[in-house]
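Okay, thanks everyone. Let me pull the structure up and talk through how the chains meet.

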Amino acid sequence: MHRFILAVLRRDLTLAARRRGDWLIAQFFFVMVASLFPLGVGPEPEMLARIGPGVLWVAATLASLLSLSRLFADDHHDGSLEHMVLSPEPTVLLVLGKSLAHWLIYCIPLLIIAPVLGIQFNLPWDAILVLEISLLLGTPILSLLGGVGAALTLGLRGGGVLLTLLILPLYVPALIFGAGAVDGVMAGTGAQAHLSLLGAFMVLSLMIAPWIAAAALRVSLE
Amino acid sequence: MTSDTLLLSVHNLACARGERTLFKAMNFSVGAGELLLVQGGNGQGKTSLLRLLTGLARPEEGEVRWRGQPIQKNREAFHAEMIYLGHANGVKDDLNPVENLRFAEGLQGRAFEEERAVAILRRLGLSRCLDLPCRVLSFGQRRRVALSALLLADAGLWILDEPLTGLDVHAVALMEGLIRDHLAAGGLCVATTHQALNLEGVKVQRLLVGNVAIPELV
Amino acid sequence: MNLYTFASPVTFYHLAGKLIPWFTWSAILLTVVGLYLSFFVAPTDFQQSEAYRIIFIHVPAAWMSMFIYLVMAFWGAIGLAFNTRLSFMMARALAPTGAIFTFIALWTGAWWGKPMWGAWWVWDARLTSELILLFLYVGIIALWAAIDDIKRGDRAGALLTLIGAINIPIIYFSVKWWNTLHQGASISLTKAPSMAKIMLIGMLVMAIAAWFYTIAVALVRVRGIILERERQSEWVKEILERET
């Protein structure tokens with residue numbers, strides 16, 4: 001079972017390593033969106049620190065959404081997706097492996113960039129630490145739920161925009177708990193409750209989303 | 001019918017695309033060493049039939065059985081013994097042929113034997129392309145990479161959708177040889193093709209797909 | 001005659017045709033009674049004066065918006081599990097009505113909010129969840145619109161409805177949590193100080209009217225969907241010939 005997930009993972013990581021352009025675009029997008037906010041709302045440090053957690057969370061969400069529509073689309077286009085679905089291994093594991101690969105490729109770099117942007121937004125160090133933890137717990141949810149959206153919109157015209165429309169409402173809890181954790185630590189009320197809920201939501205997504213995504217993938221390939 | 005006979009059978013199969021019924025009440029069976037050639041005009045449902053046989057699509061009515069068991073109920077065992085080659089090659093442009101085969105094998109849950117893979121690629125005339133990314137290969141060469149995956153998989157049942165598209169004369173002859181060997185070794189093959197195949201000594205069934213009455217070929 | 005007979009589109013088409021007038025007339029009657037109770041019989045609220053009367057539309061609409069979503073999820077699950085065509089058609093027939101009720105609930109909520117809180121919109125837990133519910137409805141309808149293949153559209157929509165249904169309680173809870181942290185308990189929609197019995201009755205009558213309206217409209221729509229999908233079949237051709 002885990003050998004199959006590893007095979008999927010190794011394949012997607014190799015492919016991502018061969019095409020670094022796509023991967024870098026998402027990271028630059030993150031930096032750019034986050035940098036636009038101070039230009040829009042003004043450079044007062046107190047204000048930036050207040051909106052910082054929310055802005056960084058929203059920007060990270062949008063940056064990883066950007067790449068989600070291609071989670072299955074490339075493999076669908078060249079026919080390898082059909083081969084993978086026709087593998088004797090369960091489709092759920094395929095989806096799980098691909099979501100995990102998406103997370104490693106697109107979300108881990110966001111975690112590395114986020115502290116730098118946190119400094120730009122005048123966040124204190126303990127808030128940056130909590131931001132990192134919350135992104136670590138929250139971004140897998142996006143990769144998992146996004147797998148459902150990507151499977152449902154596979155091969156549709158305008159699939160990318162539609163995917164965003166379908167997935168963002170479902171993603172609201174992660175945004176609230178994630179940004180709330182950072183807010184909490186800055187307001188002195190602590191972040192633990194938020195982080196626990198975020199973790200619980202992640203576990204729930206991990207248990208449910210791959211099954212629905214696998215079913216959606218079969219429906220879309222039919 | 002015992003469950004260990006190598007047999008693909010179709011029972012009262014119906015298929016619709018949108019509102020149009022492509023075919024219904026289709027029955028046939030293919031046994032070990034047999035080739036089923038699916039024929040019919042464009043848009044008559046050849047590819048749809050093949051996708052039903054692989055289990056990618058679900059029939060409107062009826063069922064497909066492998067070794068006497070419905071494939072939906074026995075998916076994993078069926079897919080372990082079946083390999084499908086569709087219109088798209090399933091070849092990643094950014095990987096070279098050997099890597100492509102390595103990942104294809106990994107995704108089928110099998111261990112990769114590199115020497116065997118290289119031998120198969122050489123046999124299919126790709127010895128000069130082994131370390132080139134498939135992006136730079138010609139259409140026919142990429143098709144050959146896909147055929148190598150077919151051979152490497154060592155599956156009992158081949159389901160091939162237009163396997164000869166884009167192949168030159170030599171490759172067509174090679175492909176005929178491969179099918180003949182596969183059938184001689186007790187395999188089964190279901191294929192669609194527009195081209196004439198030279199398949200002497202092979203047991204061939206022909207199936208006409210279309211709105212016209214389907215001849216029963218059991 | 002078993003349950004399966006009713007699940008066949010032909011039988012259901014005729015059954016629905018017989019039921020529609022009943023539900024329509026009941027809905028009209030109940031709406032008239034409900035509106036009369038709400039606007040003429042129910043007393044003026046001593047805190048909120050006349051403005052509170054919007055709840056006779058707002059509350060039933062909000063109930064229906066959530067209830068219809070759950071019914072859609074139910075039909076979707078049945079369709080996925082038993083591959084029954086009719087349940088997918090029911091889900092599709094219900095979605096527009098659900099979206100409209102969600103919209104009405106939001107709109108009337110804003111009208112109520114202006115005199116109550118002095119603002120058209122507050123980021124209250126219920127309003128925010130309702131807004132996200134509207135997004136979910138729009139997403140499902142957009143997904144159906146984007147998929148040309150009927151079978152694929154049915155199943156994809158059902159899967160999306162299901163994951164939304166699992167998510168709605170979490171969304172509601174998270175928004176509520178977020179809301180209490182940011183605004184404290186300054187605004188509470190739950191306070192219903194000594195609601196007069198007649199108000200409650202008026203609201204219930206309106207809710208049942210909304211229910212019957214939903215059923216009537218869904219049946220009309222499902223008949224349309226059945227005709228469209230089965231237009232190749234003999235019985236539909238007969239109907240069409242008779243009516244032209």
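**Chain contacts and the core**

So, starting with chains A and B: 20 residues of chain A and 21 residues of chain B make up the contact, where two residues touch if their C-beta atoms, placed from the backbone, lie within 7 Å. On the chain A side, α1 (2-18) and α5 (80-85) each give two or more residues, and α1(A) has the largest share with six residues. Helices here are DSSP runs of H or I, at least four residues, numbered from the N terminus. By type, that side of chain A splits into nine nonpolar, four polar and seven charged residues. Nonpolar is Ala, Val, Leu, Ile, Met, Phe, Trp, Tyr, Cys and Pro, charged is Asp, Glu, Lys and Arg, and the others, Gly among them, are polar.

Quick housekeeping: this is a predicted model, with local features needing pLDDT of at least 70 and side-chain atom pairs pLDDT 80 or more, while totals for chains, interfaces and linings use all residues. Residues are numbered from 1 along each chain as its sequence is written, with chains lettered from A and ligands numbered from 1 in the order written.

Now A with C. This contact takes 23 residues from chain A and 24 residues from chain C. On chain A, the elements giving two or more residues are α7 (125-152), α8 and α9 (192-221), and α8(A) brings the largest share, ten residues. That side of chain A has 18 nonpolar, three polar and two charged residues.

And one residue to look at: C:Leu159 is in contact with A:Leu152, A:Ile212, A:Ala215, A:Ala216 and A:Val219, leaving aside its neighbours within four places in sequence.
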